[in-house]
Amino acid sequence: MSQEAAEQELARVGIGAARRVVGLTVTGGLAVVLAWLALTPDPVPLGLRLLLLALAGLETLVVWRLYQATQKVLVLTAEGLREEGGIMLVRMEQIAAVDRGLFAFKPSNGFLLKLTERGPLRFRPGLYWQFGKRLGVGGLVRGAEGKQMADALALYMAHKGQAES
């Protein structure tokens, strides 16, 4: 396969501005509510206050990670799935199956890739996650884009199966 064919974009998945604002607002709102509950003057045990403050801090970290992740775009090429201008998530040879069924453990508006080998632990809230031999794409992404990418991957898998037969 030529370098030009490998770089040809088959599909792309990103997060729209409205979804980004809603996701950040809801997640940030939860952090504010947790901090507010921890700092109210009501008589609350110190341990519970510390727990609520710790949860508010963790939620603030999630908001920051979500802010960073919503700026990313995933691009599918003949070579594999990667972040635009960034890391390669999975090469096409590593994909064993695409699961986009109703009862699949997948992100909303997305799909699940079953891989042939374990990958690193990755998490971009609202965009994708990877645990072991599973890569879930979706969350805040547009449903049509997620479906288009899943269809392109399923078509590739069907073509790969015919080529091996």
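Start by selecting Gln148, which is partly exposed at a relative accessible area of 45%. You're looking at a predicted model, and this residue puts you in helix 4, residues 143-164. Keep Gln148 selected and add Ala11: the two sit 137 residues apart in sequence, yet their C-alpha atoms are 6.9 Å apart in space.

**Along helix 4 to Gly146**

Stay in helix 4 and click on Gly146, which belongs to that helix too. Is Gly146 buried or exposed? Its relative accessible area is 2%, which falls under the 20% cut-off, so Gly146 counts as buried. Now show what surrounds it. Setting aside neighbours within four places in sequence, Gly146 touches Val13, Asn109 and Phe111. For a distance check, draw a line from Gly146 to Ala69: these residues are 77 apart along the chain, and their C-alpha atoms are separated by 16 Å.

**Over to the loop between strands 5 and 6**

One of those contacts of Gly146 is Asn109, so make that your next pick. Asn109 lies in the loop that links strand 5 (95-99) to strand 6 (111-115). Check its backbone torsions: phi is positive, about 60°, although the residue is not a glycine. That's worth a pause, since most residues other than glycine have a negative phi. As for the surface, Asn109 is partly exposed, with 33% relative accessibility.

While you're in this loop between strand 5 and strand 6, pick Gly101 as well. Gly101 comes out as partly exposed, at 30% relative accessibility. Then add Val26 and stretch a line between the C-alpha atoms: Gly101 and Val26 are 75 residues apart in sequence and 27 Å apart in space.

**Helix 3 and its ring pair**

Next, colour residues 46-69, which make up helix 3, and show the side chains of Trp64 and Tyr67. The model holds two aromatic pairs. Trp64 and Tyr67 form a stacked one, with 5.6 Å from centre to centre and 25° between the planes. Why does it count as stacked? The 25° angle is under the 30 degrees that sets the limit for that label, and the centres lie within 6.5 Å, so the rings qualify as a pair. Both residues belong to helix 3 and are three residues apart, about one turn of the helix. Switch on the surface, and you'll find Trp64 partly exposed at 48% relative accessibility. Tyr67 is partly exposed as well, with a relative accessible area of 34%.

**Zoom out**

Now bring back the whole chain as a cartoon. How many helices and strands are there? You should find four helices and nine strands. Trace the cartoon from the N terminus and the order reads α-β-α-α-β-β-β-β-β-β-β-β-α. The radius of gyration is 19 Å, well over the 15 Å that the globule rule gives for 165 residues, so the chain is more spread out than a compact globule. Draw a box along the principal axes and the C-alpha atoms fill roughly 70 × 30 × 30 Å.

Colour by burial, and 38% of the 165 residues count as buried. With a contact map open, look at pairs with a separation of 6 or more: residues 24 or more positions apart account for 58% of those contacts. The surface exposes about 9600 Å², with carbon and sulfur atoms supplying 63% of it. To finish, colour by charge: there are 19 positive and 14 negative side chains, and the centres of the two sets lie 6 Å apart.

Key
Residues numbered from 1 in each chain as written. Predicted model: local features only at pLDDT ≥ 70, side-chain atom pairs only at ≥ 80, totals over all residues. Heavy atoms only, no water. Helix = DSSP H or I, 4+ residues; strand = E, 2+ residues; numbered from the N terminus. Rg over C-alpha atoms; globule rule 2.2 N^0.38 Å. Buried < 20%, exposed > 50% of the residue type's maximum accessible area, 1.4 Å probe, protein only. Contact = heavy atoms within 4.5 Å. Areas by Shrake-Rupley, 256 points an atom, 1.4 Å probe, with all protein chains shown as cover. Lys, Arg positive; Asp, Glu negative; His and termini not counted. Charge placed at Lys NZ, Arg CZ, Asp CG, Glu CD. Phe/Tyr/Trp six-rings, centres within 6.5 Å; stacked < 30°, edge-to-face > 60°.
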